[in-house]
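Welcome, and thank you for taking a look at this structure. Here is a short guided tour to read with the model open beside you.

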4 protein chains.
Amino acid sequence: MLTISRLSREEAEVLVEGAVAKSNAMNIPMCIAVCDESGHLIAFDRMDGGKVSSISIAIDKAFTGAVARKGTHVYNQLCQPGQPTFGIHVTNGGHFSIIGGGLPVTVDGTIVGGVGISSGTAIEDQEVAEAAVAYFYEKTGYSA
Amino acid sequence: MLTISRLSREEAEVLVEGAVAKSNAMNIPMCIAVCDESGHLIAFDRMDGGKVSSISIAIDKAFTGAVARKGTHVYNQLCQPGQPTFGIHVTNGGHFSIIGGGLPVTVDGTIVGGVGISSGTAIEDQEVAEAAVAYFYEKTGYSA
Amino acid sequence: MLTISRLSREEAEVLVEGAVAKSNAMNIPMCIAVCDESGHLIAFDRMDGGKVSSISIAIDKAFTGAVARKGTHVYNQLCQPGQPTFGIHVTNGGHFSIIGGGLPVTVDGTIVGGVGISSGTAIEDQEVAEAAVAYFYEKTGYSA
Amino acid sequence: MLTISRLSREEAEVLVEGAVAKSNAMNIPMCIAVCDESGHLIAFDRMDGGKVSSISIAIDKAFTGAVARKGTHVYNQLCQPGQPTFGIHVTNGGHFSIIGGGLPVTVDGTIVGGVGISSGTAIEDQEVAEAAVAYFYEKTGYSA
C-alpha cells in the first residue's frame, strides 16, 4: 500500500488567501485554483473582475503543476517549437497547461497539490502563484 | 443597455459558508459550487472527504440552476422518459444537470447566480443547497 | 495534511490476476482495469478476445467504483428513470459508469482504488469484479 | 479477406516487461501502454511514481505509433511549424502524439502493435520504448 500526503481543504484555503493578497497588492483580480496531488480540484475563487476565460485556465494550471510536477512556465519552454516536448499542450484533453502561473506545491520534497492562477499576463500569474506558495510555507510552517 | 445583477465573490462565499455549515451538521462532506447568473464559476470548495466524481457534478448543478433557471430536481421530473423534456440531460456538452442539489439564487425575483451541491444522495444535496440559500438571505438581508 | 492510502502497482496486479483467473474459469475474455483511490488508471489488461468497446467501459467502471464509492450496479438502480439520481450516467464527461462490473476496493474501511470489468453481461462483469476483490483479500491478507 | 497479425496479450506483456526493466535501470517510474495494430489498448501499467498526466500520453503514444506507423519522435519533426504536417497534433481528438516515446512494433515488416512510454523527458521515454521493443525481439525470437 502506498501512503500519500495531500493538501487538506484548510491548507488549500491558505494558498487561496496568499494568492488573493498578492492579487490585491498588484491590483489584478485573478482566478485562483488549488488541486490535490492527483490533480483534482479542492478550491477555486474568481475574484470580482477575474476573467471568465481564466476559470478553466487556472484549474488546468493547478492540475498540470500537481500531476506533471513542474511549473507550467517550465513546460512553456519545453514545449516550444523545435523542442522534443512540443505538442504536450494538446494532451490530457487540452487540460495540460503550458502557460506560466501553475506550480506544484511540495512539502518535504513531495508534491501534495498544485496551485493555478489566471487573468493577468503569464508573468503576473506566475508571480501570484509564487507568492501564494511562499505565503503557504510562511503560514503553515511546512518546508518545501 | 442591460444592467445585470450578479453575485459578488463575497456573496458567493456566504453561500459556500451556509453549505459548509449544513454539510457539517449532516456529517456529509460535500463539493460546493457557486456560479454567477451567466453560469460561470465564482467559488468552489471540496470539503475533506467530498467525492472526486462530485467536483464536476456540483459545478454542473450550479450552472444549471443559474442558467436553466430551475432547481435541478425540477428538471429531474421534467426529464423523465415519456416527458417532452426527456433528453435535456445530454445537452450543453453533458453539463445540464438533472440531479437534485442545484438551485438558482434569486434576489428580488431576479436570478443572480446558482449553487450546486454534490456528494450525498440527491435528496441530501438538495437539502444542503436549500440551507445554503436560506443562510444567504439571512446573512445578507436580501429577499428572494 | 491528509494521509491517503493507495493501491500500489503490485497490489493492482493482484486484482488483475484475480480477474483473469475468474474470467478464464467462466471462459469469457475480459477487459480489466484497476485505478487508484483518485480514479487514475494503474493497470489495464485486455485478454485475447476482450471487446474493443469494453476498453473504456472497464476503465470508467474502475473510476466510478473508486471515486463515486459504490459498485456501479448500485448506481444502475439509483439511476433508473423515476429515481432522483437519474441522469448521473452522463456526468463526468460520460465516464460515470452505471453498468455492473465496477467496484471500490477498500482496506480497513477506506477506499484505496477501484476495479472495473467489461466484455460479458453486466452480471458476468460484476461476478468477475467480485472474484477479483475476493482474491485480492485472500492473497494480500488485507481486510475490507 | 484480410488476415491481420496482432500482438497477443502475452506478447504485449513482454513489451511491458521490457519497459519496466529499462525504467528501473534508469530509475524513472513510467507509464507504459501497449496497443494492437488497430490502436486499441491491450495493456497498461503505471509504475509506482509514474505521472498522472502521463497515463493518457502513454496511451496516445502507443496508439500513434501503431496506427500512424511512425515513431512519435518522427512526427515531432514532421509537425514543426513551417512543415507541411504541422497541425497533426490536434487531430484524432488530440490523441495524435508527436512527443517521442511512441513506437510501432513490427514483425517481419508488418506493424502488429504499438508501445508508448511517458513520465520522463521525451528522450528518456523514447529510450525506454526502444529498449522495450529490443527486449520483445530478444525474448520472442521475432524479427522486425
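A residue counts as buried when its relative accessible area is under 20%. With a relative accessible area of 0%, D:Gly114 is therefore buried. Please keep in mind along the way that this is a predicted model.

**Around D:Gly114**

You will find D:Gly114 in strand 4 (residues 110-118) of chain D. Which residues is D:Gly114 in contact with, leaving aside its neighbours within four places in sequence? They are D:Ala33, D:Val34, D:Cys35, D:Asp36, D:Ala62, D:Ala66, D:Leu103, D:Pro104 and D:Val105. D:Lys70 lies 44 residues from D:Gly114 in sequence, and their C-alpha atoms are 9.6 Å apart in space.

**Strand 2 of chain D and its partners**

Let us move on to strand 2 (residues 41-46) of chain D. Here 6 of the 6 residues are buried, so this strand is largely enclosed by the rest of the structure. Strand 2 of chain D pairs with strand 1 (residues 31-36) of chain D, and D:Cys35 has D:Leu41 as its bridge partner. These two strands form a hairpin with 4 residues between them, and in the turn D:Gly39 has a positive phi of about 90 degrees. Strand 2 of chain D is also joined to strand 3 (residues 41-46) of chain C, with C:Asp45 standing opposite D:Ala43.

**The sheet of chains A and B**

Now to chains A and B, where 8 strands form an open sheet with antiparallel pairing, in the order 4(A)-5(A)-2(A)-3(A)-2(B)-1(B)-4(B)-3(B). At the edges stand strand 4 (102-107) of chain A and strand 3 (102-107) of chain B; each has a single partner strand, so one side of each is left without a neighbour in the sheet. From one strand to the next, the twist averages 20 degrees. Helix 2 (residues 54-67) of chain B packs on this sheet, and its direction makes about 160 degrees with that of strand 4 (110-118) of chain B. Among the strands that helix 2 of chain B touches is strand 3 (41-46) of chain A. In chain A, strand 4 pairs with strand 5 (residues 110-118), and A:Val107 stands opposite A:Thr110.

Here are three of the strand pairs from this tour:

| Strand pair | Sense | Bridges |
|---|---|---|
| Strand 4 and strand 5 of chain A | antiparallel | 6 bridges |
| Strand 3 of chain C and strand 2 of chain D | antiparallel | 3 bridges |
| Strand 1 and strand 2 of chain D | antiparallel | 5 bridges |

**Helices of chain B**

Helix 4 (residues 122-140) of chain B lies across strand 3 and strand 4 of chain B, running at about 15 degrees to strand 3 of chain B. Helix 4 of chain B also packs with helix 1 (residues 9-26) of chain B at an angle of about 130 degrees, their axes being 8 Å apart. The two helices are therefore oblique to each other, and their crossing is right-handed. Residues of helix 1 that meet helix 4 include B:Val14, B:Leu15 and B:Met26, while B:Val128, B:Ala131 and B:Phe136 are among those on the helix 4 side.

**Helix 2 of chain C**

Our last stop is helix 2 (residues 54-67) of chain C, whose 14 residues reach 20 Å from the first C-alpha to the last, close to the 20 Å expected at 1.5 Å a residue. Why is helix 2 of chain C described as largely enclosed by the rest of the structure? The reason is that 11 of its 14 residues are buried, including C:Ile55, C:Phe63 and C:Val67. Helix 2 of chain C is followed by C:Arg69, whose phi is positive, near 70 degrees.

How values were computed: Residues are numbered from 1 along each chain as its sequence is written. Chains are lettered from A and ligands numbered from 1 in the order in which they are written. This is a predicted model: local features need pLDDT of at least 70, side-chain atom pairs count only at pLDDT 80 or more; totals for chains, interfaces and linings use all residues. Side-chain values use heavy atoms; hydrogens and water are left out. The expected span of a helix is 1.5 Å times one less than its number of residues. Buried means under 20% relative accessible area, exposed over 50%, partly exposed in between (1.4 Å probe, protein chains only). Two strands pair if DSSP finds at least two bridges between them. Axes are lines fitted to C-alpha atoms, for helices over the stretch in contact, and angles run from 0 to 180 degrees between N-to-C directions. Contact means heavy atoms within 4.5 Å. Angles under 35 degrees count as roughly parallel, over 145 as roughly antiparallel, 65 to 115 as roughly perpendicular and the rest as oblique. A crossing is left-handed if the near helix is turned anticlockwise from the far one by less than a right angle, and right-handed if clockwise.
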